[in-house]
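Trainee: Please take one part of this structure and explain closely how it is put together.

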Amino acid sequence: MTRQNYVFTSESVSEGHPDKVCDRISDAILDTFLAQEPNARVACETFATTNQIVVGGEVGLSDKSKLDEYLGKVDGIVRDCVRDIGYEQDKFHWNTVNVSNYLHAQSAHISQGVDKDGAGDQGIMFGFATDETPELMPAPIHYSHAILRSLAQARKSGAEPTLRPDAKSQLSVRYENGKPVGVTSIVLSTQHADESQSSDDIRAIVEPYIREALPQGWISEDTEWWVNPTGTFVIGGPDGDAGLTGRKIIVDTYGGAAPHGGGAFSGKDPTKVDRSAAYAARYLAKNVVAAGLAKKCVIQLSYAIGVAKPLSIYADTFGTGQASDQEIERAITQCMDLTPLGIRTHLDLCRPIYARTAAYGHFGRAPEDDGGFSWEKTDLIEALKKTV
């Protein structure tokens, strides 16, 4: 039987975290190529450290004559990302950082399978949904993201001018009868401007935002607070620690509350099933829960490079299903074409919508009018109900 009373912890990191700076750059480059050509191929990795940003990987356009033109935009894309995040410190400044571009044309041996509408790689992908929050996300990761989004908005608006871009949050959430009811500990580390600011000074700044982000009554007298527990945190971002694309895959998904296939998302165009099939699995799991077919659902998909159809489809509702897991597996295959091309078409993924996903989670966000976060829609509810 699933445990009903326990404490579970998840963390989030801000857009200024070194790894998230790299995710943002990789996805912004992806968006630039997709804006030029919806079927552009991109696998872009970014590395960042003190005064240095290195971009590498492979890209492809059907009009090869335009490739050099778009590769020439990379320096400006990188600087725009760093400026928007907010880095203007001595050893990591958007205007003075050294940018090295090692992007090159996509391998013909990789493209040949994808051109036949097969998967861009082998792999396993998971999607998850739970009814413990309105967004059908696990509470610990959802509210860890909410705290950092709130602080970023306060920093960028000028409401909190001493905060800087690099930050991490961590929540330990107490569950009773399987539902989240409170927070046993809060960890928040944020970069700040003034070395004279103490941990108590920073807590006074961030505490109102934390309280506002969490549900009413979740913070009690017994909740432990750890704000900047090591003290001064002035040197941050890639100057404080190196960053790399794809190194925060648990932050990007479900905070450890569900399985993860291992593939990162950022910098990959939607022919890569690491990204698109993970979005499809979340879409299906969310619609299963939104339809009332289960209180909790995980879905796994698996693929082989160059092969269109998924090799396996697995659903688990943890004993909460109103139908059997096998019936749900059959239903989702009838309601959605799970070939890589079918996923891209159904969710309209071949458009420049990815830079916005690079921080604060790929899931639990509101669908947007231009197609952003289309995998968060719940438009399969009636079809799933009828099929089951």
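Mentor: Let us begin with strand E3 and its parallel partner, strand E6 (residues 98-105), to which E3 is joined by 8 bridges; strands here are DSSP runs of at least two residues, numbered from the N terminus, and two of them pair if DSSP finds at least two bridges between them. This is a predicted model, in which local features need pLDDT of at least 70 and side-chain atom pairs count only at pLDDT 80 or more, while totals for chains, interfaces and linings use all residues. Residues are numbered from 1 along each chain as its sequence is written, and side-chain values use heavy atoms, leaving out hydrogens and water.

Within the pairing of E3 and E6, Gly-57 stands opposite Leu-103 of E6. Gly-57 of E3 also stands opposite Cys-44. That second pairing joins E3 (residues 52-60) to strand E2 (residues 41-49) through 9 bridges, and these two strands run antiparallel. E2 and E3 form a hairpin with 2 residues between the strands, where Asn-51 takes a positive phi near 60°.

Next come two helices, H1 (residues 18-36) and H3 (residues 74-85), which pack at an angle of about 135° with their axes 9 Å apart; helices are DSSP runs (H or I) of at least four residues, and angles run from 0 to 180 degrees between N-to-C directions. H1 is therefore oblique to H3, the word for angles that are not under 35 degrees, over 145 or from 65 to 115. Among the residues making the contact (heavy atoms within 4.5 Å) are Val-21, Ile-25 and Ile-29 of H1, together with Ile-77, Val-78 and Cys-81 of H3. H1 also contributes Arg-24 to this contact, and H3 contributes Asp-84. The residues of the contact of H1 with H3 divide into 10 nonpolar, 1 polar and 2 charged.

There is also an open sheet of 4 strands, in the order E1-E8-E9-E10 and with mixed pairing. Strands E1 (6-13) and E10 (224-227) stand at its edges with a single partner strand each, so one side of each has no neighbour in the sheet. From one strand to the next, the twist averages 15°. E1 runs antiparallel to strand E8 (residues 163-176), with 8 bridges between them, and Val-7 stands opposite Arg-174 in E8. Helix H6 (residues 199-213) packs on this sheet, where H6 touches E8, strand E9 (179-192) and E10. The direction of H6 makes about 120° with that of E10.

Terms used: Nonpolar A, V, L, I, M, F, W, Y, C, P; charged D, E, K, R; others polar.
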